[in-house]
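Visitor: I have a model open at the bench and would like to know how its labels are earned. Could you walk me through it?

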Amino acid sequence: MCLERRDEMPVRVLFVRRNVTEQVSEQREQRRALQDALMQAQHANQAKTTFLSNMSHDIRTPMNAIIGFATIAASHMERTDQVRDCLKKILSSSNHLLGLINDILDMSRIESGKLQIHNQECNIPEMMHNLVNIIQPQVKAKQMEMFIDTYEVTNEDIVADPLKLNQIFINLMGNAVKYTPAGGTVTFQISQRANFRHGWGEYIFIVKDNGIGMSKEFVKHIFEPFERESTATRSGIQGAGLGMPITKSIVDMMGGEIIVESEVGEGSTFTVKLPLQLQDVEKTAEQVKELEGRRSLVVDDDLNVCDSVSKMLKSIGMRAEWTTSGREAAYRARSAHEEGDPYHTYIIDWQMPETSGIETARKIRSAVGQDASIIILTAYDWTDIEEEAKAAGITAFCAKPLFMSDLKAALLAANQIGDPEFGDAGAVWTQTDYSGKRLLLVEDNELNREIAEVILEEAGFMIESVPDGTDAVAMVEKSEEGYYDAILMDVQMPVMNGYEATKAIRAMHRKDVKTLPIIAMTANAMEEDRETALKSGMNAHVAKPLDMELFMKVLHQFLH
């Protein structure tokens, strides 16, 4: 009996020891798992903080432009042209802000590699001038110098995603301004090179600043997702956050390349190379008969600008010369006038180190009188110097970056050739007469309803409005067949949403509801929202805030 017990005891002790060891091991694994979970939670929390911080900067960029130009417009209500110009810039900045918000809401797609490029016909000069409007208030607030120039851009009309391109340049220019001290300089150069692929062009965009720069170690990580940038604080620069990774993703998706060069205390240079498809129908630089053989003088302290603008003038048919000195320009103006072969047009940069553009214009007017046209080039808002400039004899202004279409329009306006550049063609939604067409507007927000009613009534529509889906169903039920030409349906409403209302209308026992156009007009702007709208029986989906040109195109599609 005793022997048997002695044999069993070591086995039992061994089992107990094994159980204890396993329990200890499990506890260690649990602790490791808890520590990992805690670190991940802390990491995610830090990433969220970094994300919100960077988004605050990115959102404030266009908001600053919107508030600034709204303030200017409110202070100069009596100056119709200036107010109109401010409103155009506010609209441009608002559209960029909307695009930024869309990208914030679309973060899941960016992280999962589902970011999409939506190509459409667009215009490089229009995009670049919108960029200047957005960045300009920050540059002005920091009393910085901004130079934006183009070199040999022969194809201005392209097929690309304008929102994504805008996002690239806003991120790069916004950071250049942010990380450059007051009084510094930011430059943006745009050039085009030949592309061996037929129907494509090679575009190079260079953003350069003389700001605080970055260390070589930080540059290695600048395009990593913002989650990895949370501890990367070097030389006073916090993590690049969301902007740079998205910029790199967009450039990669477009088949391009982005290169960074930077040194601490010396500034940074970002070079973006993009292959962009050219539009089938391009706006060419046709010669202007009225200007053929006319003599012109370009005055700019930048040799590249002088060369580029001179080539543009020659392609239009003018005899082009240039100088980098305002004093020399005045001397040559006097000599040409006395020799009987005067300059017909002067194109002068506003900001030159030796003699300003306005002072140069004043000296030229003193020498040659009022016969010649003088056009001032500037990357800034010229409303601040408009009165002084006109008093000095300036004929017209032209915004940098200068493209062929801009130069041609300025020359035509300065010489009163053809139609005025800024003719009042009216709002886009007033171009087609929809008189007699009746719409049912279903919208629960009173302000949104008022905006839509004003716009649609200006286009000639008869509008009947209701605040909820239940009211919309009731209005259609009691109306005669064919009474409504279309229904504009909000989606999120308190009692019956737009999807349910659409299904109820489509299910009515009457012929007209089968073909009646029902268009979703909603702030639910994601791709899945569009698909849900179509599945519910709607014909189209238009996202708020409304792009009026797109909105009217959709209406035109179903009502003509």
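Guide: Gladly, and let me begin with a definition: axes are lines fitted to C-alpha atoms, for helices over the stretch in contact, and angles run from 0 to 180 degrees between N-to-C directions. Please keep in mind that this is a predicted model.

Visitor: What angle does helix H10 make with S10?

Guide: Helix H10 (residues 357–368) runs at about 155° to S10 and lies across both S10 and S11. Those two strands, S10 (residues 345–349) and S11 (residues 373–378), pair in the parallel sense.

Visitor: What makes S10 and S11 a pair?

Guide: Two strands pair if at least two bridges are found between them. S10 and S11 have 5 bridges, so they count as paired. As an example, Tyr346 has Ile374 in S11 as its bridge partner.

Visitor: Which sheet do they belong to, and in what order do its strands come?

Guide: The order is S9-S8-S10-S11-S12, an open sheet of 5 strands with parallel pairing. Strand S9 (319–323) and strand S12 (396–399) are the edges, because each has a single partner strand and one side without a neighbour in the sheet. From one strand to the next, the twist averages 20°.

Visitor: Why is Ser310 called buried?

Guide: The cut-off for buried is under 20% relative accessible area. Ser310 has 4% relative accessibility, so the label "buried" fits. Ser310 sits in helix H8 (residues 303–316). Not counting residues up to four places away in sequence, Ser310 touches Val298, Ala320, Glu321 and Trp322.

Visitor: And why is Glu126 called exposed?

Guide: Exposed means over 50%. Glu126, in helix H4 (residues 124–141), has a relative accessible area of 52%, so Glu126 counts as exposed.

Visitor: How do you know that Lys400 and Asp300 form a salt bridge?

Guide: The definition asks for a side-chain nitrogen of Lys or Arg within 4 Å of a carboxyl oxygen of Asp or Glu. The closest N and O atoms of Lys400 and Asp300 are 3.3 Å apart, so the pair meets that limit. Lys400 lies in the loop between S12 and helix H12 (404–414), and Asp300 in the loop between strand S8 (295–299) and H8, so their pairing ties together parts that are 100 residues apart in sequence. Lys400 is buried at 5% relative accessible area, and Asp300 is buried at 2%.

Visitor: What makes Glu217 partly exposed and Lys220 exposed?

Guide: Partly exposed lies between the 20% and 50% limits. Glu217, at 38% relative accessibility, therefore counts as partly exposed, while Lys220, at 61%, counts as exposed. Their side chains also meet in a salt bridge, 3.7 Å from N to O. A search of the whole structure finds 19 salt bridges.

Visitor: Which residues of the largest nonpolar core touch the most other members?

Guide: Ile158, Phe188 and Tyr346, out of 71 residues in that core. Leaving aside neighbours within four places in sequence, the contacts of Phe188 include Met128, Leu131, Phe147 and Val207.

Visitor: Where does pLDDT stay under 50?

Guide: One such stretch is residues 227–240, for which the model has 35 contacts beyond four places in sequence. Residues 420–430 are also below 50, with 13 contacts beyond near neighbours in sequence. The mean pLDDT of the protein chain is 82.

Conventions. Residues numbered from 1 in each chain as written. Predicted model: local features only at pLDDT ≥ 70, side-chain atom pairs only at ≥ 80, totals over all residues. Heavy atoms only, no water. Helix = DSSP H or I, 4+ residues; strand = E, 2+ residues; numbered from the N terminus. Buried < 20%, exposed > 50% of the residue type's maximum accessible area, 1.4 Å probe, protein only. Contact = heavy atoms within 4.5 Å. Core = buried A, V, L, I, M, F, W, Y, C linked by side-chain atoms within 4.5 Å. pLDDT = per-residue confidence, 0-100.
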